[in-house]
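Trainee: Please give me a close look at the buried part of this chain and what packs there. I would like the residues by name, with the cut-offs behind each term.

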Amino acid sequence: KMRLFSFMAPQLDPQGSGYNLLQSQIALGSGSVLGRGLRGATQSALGFLPERQTDFIFSVIGEIFGLTGTTLVILAFALLCLRILWVATQARTRFGALLCVGTATILLVHAFVNIGMAVGIMPIMGIPLPLASYGGTALVTVCMLLGLVQAVERDLRL
């Protein structure tokens with residue numbers, strides 16, 4: 001209940017339930033266009049940003065590399081998902097096509113939710129950013145899905 005209230009108005013409890021979101025927004029905003037670099041990233045380096053290696057990795061990217069870095073991350077996800085969808089259109093079997101569409105959907109939803117949490121348009125849920133956040137289970141799952149997409153693509157060449 002407090003997460004939803006802090007999502008709508010994090011400034012009402014800046015030291016409690018709204019702390020994560022406010023620090024995330026400060027980190028993203030302080031990155032500006034070109035970023036602050038590794039030495040200038042105060043929010044993430046000094047520990048103000050909680051769970052920076054998992055939930056708020058996008059904020060760390062925004063603080064260090066700025067708008068250009070975050071734009072490149074979003075473009076990389078878009079290109080990856082477009083490539084996966086292209087493989088889906090070329091797949092020889094219906095199962096292969098559905099597997100590719102499902103993988104692209106999972107990647108897009110996870111990326112959208114994580115970026116939305118960092119920016120403040122979605123409540124904080126603890127969804128990691130695929131291929132960027134530190135973590136075992138999510139990373140292994142995404143790598144397995146991408147391996148299955150690779151298998152579908154390899155089938156195209158045979």
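Mentor: The account below starts with the chain as a whole, goes on to its interior, and ends at the surface.

The model is predicted, so local features need pLDDT of at least 70 and side-chain atom pairs count only at pLDDT 80 or more, while totals for chains, interfaces and linings use all residues. Numbering runs from 1 along each chain as its sequence is written, and side-chain values use heavy atoms, with hydrogens and water left out.

The chain has seven helices and zero strands; helices (H or I, at least four residues) and strands (E, at least two) are DSSP runs, numbered from the N terminus. The C-alpha atoms fill a box of roughly 55 × 35 × 25 Å along the principal axes. Of the 158 residues, 38% are buried. Here buried means under 20% relative accessible area, exposed means over 50%, and partly exposed lies in between (1.4 Å probe, protein chains only). Taking contact as heavy atoms within 4.5 Å, 60% of the contacts between residues at least 6 apart in sequence join residues at least 24 apart.

The interior holds a largest nonpolar core of 20 residues, in which Phe58, Val73 and Leu129 touch the most other members. A nonpolar core is a set of buried Ala, Val, Leu, Ile, Met, Phe, Trp, Tyr and Cys residues joined through side-chain atoms within 4.5 Å. The elements giving two or more residues to this core are α2 (19-30), α5 and α6. Helix α5 supplies the largest share, seven residues.

Leu129 shows what such a core member touches. Leaving out residues up to four places away in sequence, its contacts are Thr54, Ile57, Phe58, Val73, Phe77, Ala111, Asn114 and Ile115. The backbone nitrogen of Leu129 is also reached by the side chain of Ser133, at 2.8 Å. A polar contact is a pair of N or O atoms within 3.5 Å; within protein, one must be able to donate a hydrogen and the other to accept it, and residues adjacent in sequence count only if both atoms are side-chain atoms. Ser133 sits in the loop between α6 (94-119) and α7 (137-157). Ser133 is buried, because its relative accessible area is 10%. With residues up to four places away set aside, Ser133 touches Gln53, Thr54, Ile57, Asn114 and Pro128.

A second, separate core has 13 residues, including Ile84, Val87, Ala88 and Leu99. Two residues of α6 can be followed from here. Cys100 lies in helix α6 and is buried, at a relative accessible area of 0%. Apart from neighbours within four places in sequence, Cys100 is in contact with Ile84, Val87, Ala88, Val149 and Val152. The C-alpha atoms of Cys100 and Gln150 are separated by 9.4 Å, though the two residues are 50 apart along the chain.

Thr103 is placed in helix α6 too, and its relative accessible area of 2% makes it buried. A polar atom of the Thr103 side chain lies 2.9 Å from the backbone oxygen of Leu99. Apart from neighbours within four places, Thr103 is in contact with Ile84, Leu145, Leu146 and Val149.

One salt bridge is counted in this model, the rule being a side-chain nitrogen of Lys or Arg within 4 Å of a carboxyl oxygen of Asp or Glu. The partners are Arg83 and Glu153, whose closest N and O atoms are 2.3 Å apart. Arg83 lies in helix α5 (residues 57-90) and Glu153 in helix α7, so the pair ties together parts that are 70 residues apart in sequence. Glu153 is buried at 10% relative accessible area, whereas Arg83 is partly exposed at 42%.

The surface comes last. The chain exposes about 9,100 Å², and carbon and sulfur atoms supply 69% of it; accessible areas come from the Shrake-Rupley method with a 1.4 Å probe, and for residues only the protein chains shown count as cover. Met2, Leu4, Phe5 and Met8 make a nonpolar surface patch of about 440 Å². Patches are made of residues with over 30% relative accessible area and no salt bridge: like charges are joined within 9 Å, and nonpolar side chains (Val, Leu, Ile, Met, Phe, Trp, Tyr) within 5 Å. Leu4 belongs to helix α1 (residues 2-8) and counts as partly exposed at 46% relative accessibility.
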